Amino acid sequence: MKIKTSVIICAAGKGERAGFGKNKLLAPLYGEPALRHTLKKFDIPEIDEVLVTSSEFDFEEISALAAPFGYKTVLGGKTRTQSVKNALALVTGDIVLIHDGARPFLSRELILNCIQSVKTYGSGVCAMPATDTAVYANLGVVSARIDRNSLYLLQTPQGFKTEDIKSAYLLAGDSSFTDDSAVYSEFIGAPRIIEGEKNNIKLTFKEDFDRGYPALPILDGKRIGFGVDTHCFGKGNFVTLAGIKIECGRKLIAHSDGDVIIHAVMDALLSASGLKDIGHYFPDTDKIFKDADSGKLLTQVIRIVKAEGFTPVNLSVSVQAEKPKLSPHINSMIENLSKLTGIHAKNIAVSAGTNEGLGFVGEELGITAYASVLMNKD
Ligand code: CTP
Ligand code: MG
């Protein structure tokens, strides 16, 4: 039988020390409520159920953040211990991980290690070995030294077998503890420690929201790519841009149809996926690609990047051209790029401008296109 894993995310505090005048977990971090980053981290197939604790005051706002993930919101209590107790009463999993909503920087690996430790040893508490020398002090005077080698600082998640931690909390009655391992130690036994993460800090003060973090939570599982292409004008009647034929009194000279936009988009897609550029996949020495419809090549590029586990999320294109006038064609270009890439038209932007007479674009010698793309990585 499958072992079911539940998670309790504690968000029922006031977050007073951060001084935002509201729960710190609803304050913005990288442009969205801090709690949302934490919620996202548990939206993985290994987790079967998530319960988020909330105070009565924040209930509506926290429910609105939790609901899109299919998570339940549970009314918390006055203390963290009480909040966890309320949530534990509703947990249906065999294993439960308890995590502070205020720790959004944990990695997926840490979550999986925690689950594995519970499966193997019955518990798994994330902890960092102390790196500074530690002492006890009394009234500003060192009273005793601590052996640093056996000193650990505890983090969350902390994972347990649901029945064990439930009975521990039941025995705890109305007492208050600073974390779950303390409740477990008191009533069940010594919990197993697993190695935590340096980045897995708890957002406590305002400055914790301002400092830069090496693990970019928003870009987790995302890749960006950039591509550029230029072709020069020659004799002809129209140019093809983003697959749209536009009258121009000249054409773009190229081995293929000279569609600079699609070429830039293809390079951006390949680059975001860590692959070689279009010259590698469609060499201009190959007769097959003579006068090729670039739209068809783009369809192939999409197939190539998808096979590597990448899906484009949004696309931004900028074109520099003195001629032809592109504004009447922008919508058709966006629609066509959407059809070819599978990216929703709302997430594609094409902007165009002249070069004010400067440089080769200004002298009407050719057209340049730039493209950047954001990709989801499976
Ligand atoms: N928490 C909870 N229920 C409480 C108190 C705290 O669920 N009654 C949660 C907090 O939302 C937080 C975590 O427990 O995610 C750790 O607590 P802490 O960092 O102390 O957060 P707050 O208590 O909210 O902050 P402060 O102590 O600064 O007011
Ligand atoms: Mg607190």
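How far is an oxygen atom of ligand 1 from an N or O atom in the side chain of Lys202? The distance is 2.6 Å. The model is predicted, and this report walks through the ligand, its pocket and some unusual backbone spots.

**The ligand and its contacts**

Lys202 is not alone around ligand 1. The ligand is surrounded by 20 residues. Lys202 is among the closest, together with Cys10, Gly15, Glu16 and Ser83. Two other lysines reach ligand 1 through backbone atoms: Lys14 meets an oxygen atom, and Lys78 meets a nitrogen atom. The table sets out the three pairs.

| Residue | Atom of the residue | Atom of ligand 1 | Distance |
|---|---|---|---|
| Lys202 | side-chain N or O | oxygen | 2.6 Å |
| Lys14 | backbone N or O | oxygen | 3.2 Å |
| Lys78 | backbone N or O | nitrogen | 3.1 Å |

How much of the accessible area of ligand 1 does the protein cover? On its own, ligand 1 has 560 Å² of accessible area, and the protein covers 87% of it. The shell of residues around ligand 1 is mixed in class. It holds 8 charged, 7 polar and 5 nonpolar residues.

**The pocket**

Where does ligand 1 sit? The space it takes is the largest pocket. That pocket has a volume of about 1,000 Å³. Its lining is made of 41 residues. Nearest the centre are Ala12, Gly13, Lys14, Gly15 and Arg80. Lys14 thus appears in two roles: it lies near the pocket centre, and its backbone makes one of the contacts with ligand 1.

By class, the lining of the largest pocket has 18 polar, 13 charged and 10 nonpolar residues. Helix α3 (80–88) and strand β10 (152–161) each give at least two residues to this lining. Strand β10 gives the most, with 4 residues.

**Unusual backbone spots**

Strand β10 also holds Pro157. A cis peptide bond joins Thr156 to Pro157, with omega about 10°. Most peptide bonds are trans.

Where is Pro324, at the end of another cis bond? Pro324 lies in the loop between β16 (310–320) and α11 (330–341). The bond runs from Lys323 to Pro324, and omega is near -10°.

Leu139 stands out by its phi angle. Its phi is positive, about 50°, although Leu139 is not a glycine. Most residues other than glycine have a negative phi. Leu139 lies in the loop between β8 (135–138) and β9 (141–145).

Methods
Residues are numbered from 1 along each chain as its sequence is written. Chains are lettered from A and ligands numbered from 1 in the order in which they are written. This is a predicted model: local features need pLDDT of at least 70, side-chain atom pairs count only at pLDDT 80 or more; totals for chains, interfaces and linings use all residues. Side-chain values use heavy atoms; hydrogens and water are left out. A residue is near a molecule or strand if one of its heavy atoms lies within 4 Å of it. A polar contact is a pair of N or O atoms within 3.5 Å; within protein, one must be able to donate a hydrogen and the other to accept it, and residues adjacent in sequence count only if both atoms are side-chain atoms. Accessible areas come from the Shrake-Rupley method with a 1.4 Å probe; for residues, only the protein chains shown count as cover. On a 1 Å grid over the protein atoms alone, a cavity is a set of points where a 1.4 Å probe fits but cannot get out, and a pocket is an open set with protein on both sides within 12 Å along at least five of seven lines; lining residues have an atom within 4 Å of a point. A molecule sits in a cavity or pocket if more than half of its atoms lie within 2 Å of its grid points. Ala, Val, Leu, Ile, Met, Phe, Trp, Tyr, Cys and Pro count as nonpolar, Asp, Glu, Lys and Arg as charged, and the others, Gly among them, as polar. Grid points are joined across faces, edges and corners, and a volume is the space filled by probe spheres set on the points.
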